[in-house]
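Reader: Hi! Could you walk me through a few spots in this model?
Author: Happy to, let's have a look together.

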Amino acid sequence: MVCQDCGKREATVHLTQVINNKKVELNLCQECAEKRGFRNPLEGVPFPLAEFLSSMLSQAQREKPSKEPEVACSACGMSFSDFAKTGRLGCGNCYLTFRSQLNDLLRKVHGSTQHRGKFPHTTRDVMKPLWEETKLQEELRKAIEEEDFERAAQIRDRIKALTTKK
Amino acid sequence: MFEQMAKKPAVWLSGEGSNSQVVLSSRVRLARNIANSPFPSRADTDKRERTLSFVRNAVKKSANLSRGTFVNCSQLDDLDRSFLVERHLVSLEFTGLRDLSALLIGEKENVSVMVNEEDHLRIQALASGLEIREASQIANHIDDELSKSLEFAFDPAFGYLTSCPTNTGTGMRASVLIHLPGLALTREIEKVISQISKLGLVVRGFYGEGSDVCGNLFQVSNQTTLGRSEEDIVESLDRVTRQMIEYEENARKRLFSEAKEQIEDKIWRAYGILKYARTLTSEEVLNMLSAIRLGIGMSVLEMVSLSQVNEILALTQPAHLQKYFKKRMEPGERDRVRAELVRSKLGG
């Protein structure tokens, strides 16, 4: 079988990945496999992240807006189109700079935009309950706006339970 | 380096732990970055050095971690790196890293921490058999130890911040390495993989020549890291793995009731090849051992033990072989030496 990338050399590297019920099969020669980032036929295959991520980003996000200067992270200087090219962010501050675009991406990749796991050691006791309270207050505001007073009452009770536990 | 380690059994192949006939090993990996510092791909030499210093100091402050071995990438040649990949202590990406990356290997070799790979820290815990929860607890403990001296990049909404958004949140990748020859032979493996994928898990196989998966070994791991707790991830992977073990056992029973002769023949032929061949490639060994592992599980082969199989699997890997015999060898010589080693381990 011939390599699907170069069409010249014999395909000796065969890869099947099944993600979310979609099967992707690659049949490549050694050189093209290496070019794509698959180096040593030993361990699990590195996930072609840049491709996967760019397929997740919407068309609009992938194309650079022609006239406006791009927003860049104030800490490391990375722009969102830099990220779209490599699939890697530059620093923690990038998450804040590109919060809304990342929220879209994260929803597609993980099905969620809210961390439900552990908080770091140092911030665990203080930050976690504070964060939960803040989120509930946001929900309460929304419920009142939407005039869903029953839900608002439930949320208010949950806030009370949280704050009295302290 | 590592010549002594080559003689010791590798954690991922020690054959202990529950269900280790089908599930070879469990692994939990946590990705962490130091706060207010560019991620590795964006960090210059100074920043990378600073990360290394921070981590080195944090390790020194931990009684537990300071008993491990801290190795700089610059001290490792290509053979050392391949050896570490074979040992499941580092990722493939690690082997291509330039200077200013490092590796901490825990004293019991069930723990490793890569520094300046894709993220500042990649904490990994390995356990033999189906022991995801144990691996998770060990990794968690190391995370807590390190976070006493290091501040990790974290956001209450996005969780632990990682270089690639596909890891953000818990930063946790839990996986099992599972042997499914029954499902492969009954051709049900594709159906099972597709079912598992619907549950948010990723299935990958080892490479192999041609389109067969090598050695019928599969790595199953969680796909998402954000929006679920660490406990949820562990629990769902554990549940699905137990389900797969059941499917595999049923497939084996069916094979033995409907195609007993063919399967036994396949198993015995594999044993014959390993016992008498004069040259063997590592892929061949992987494939033959798959049949032998099945043979042991189905009580067809009584004269080989699981620990022999695991020892052979570990030592016949290319870098292991060269470390074991303390010399570099070209593929041709490796294939001969490998066959000799296998024959001697099988008492031939």
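**Two loop residues in chain B**

Author: Asn36(B) is exposed, because just 11 other C-beta atoms lie within 10 Å (exposed is 12 or fewer such atoms, buried is 20 or more, partly exposed is in between, with C-beta atoms placed from the backbone). This is a predicted model, where local features need pLDDT of at least 70 and side-chain atom pairs count only at pLDDT 80 or more, while totals for chains, interfaces and linings use all residues. Residues are numbered from 1 along each chain as its sequence is written, and chains are lettered from A and ligands numbered from 1 in the order in which they are written.

Reader: Thanks! Where does Asn36(B) lie?
Author: In the loop between strand E1 (23-32) and helix H2 (45-61) of chain B; helices (H or I, at least four residues) and strands (E, at least two) are DSSP runs, numbered from the N terminus. Asn36(B) has a positive phi of about 55 degrees, though it is not a glycine.

Reader: And what about the phi of His88(B)?
Author: His88(B) also is not a glycine, and its phi is positive, about 65 degrees. Most residues other than glycine have a negative phi.

Reader: Is His88(B) buried or exposed?
Author: His88(B) counts as buried, because it has 21 C-beta neighbours inside 10 Å.

Reader: Which residues is His88(B) in contact with?
Author: Leaving aside neighbours within four places in sequence, His88(B) is in contact with Trp12(B) and Leu126(B) (contact means C-beta atoms, placed from the backbone, within 7 Å).

Methods: Two residues are in contact if their C-beta atoms, placed from the backbone, lie within 7 Å.
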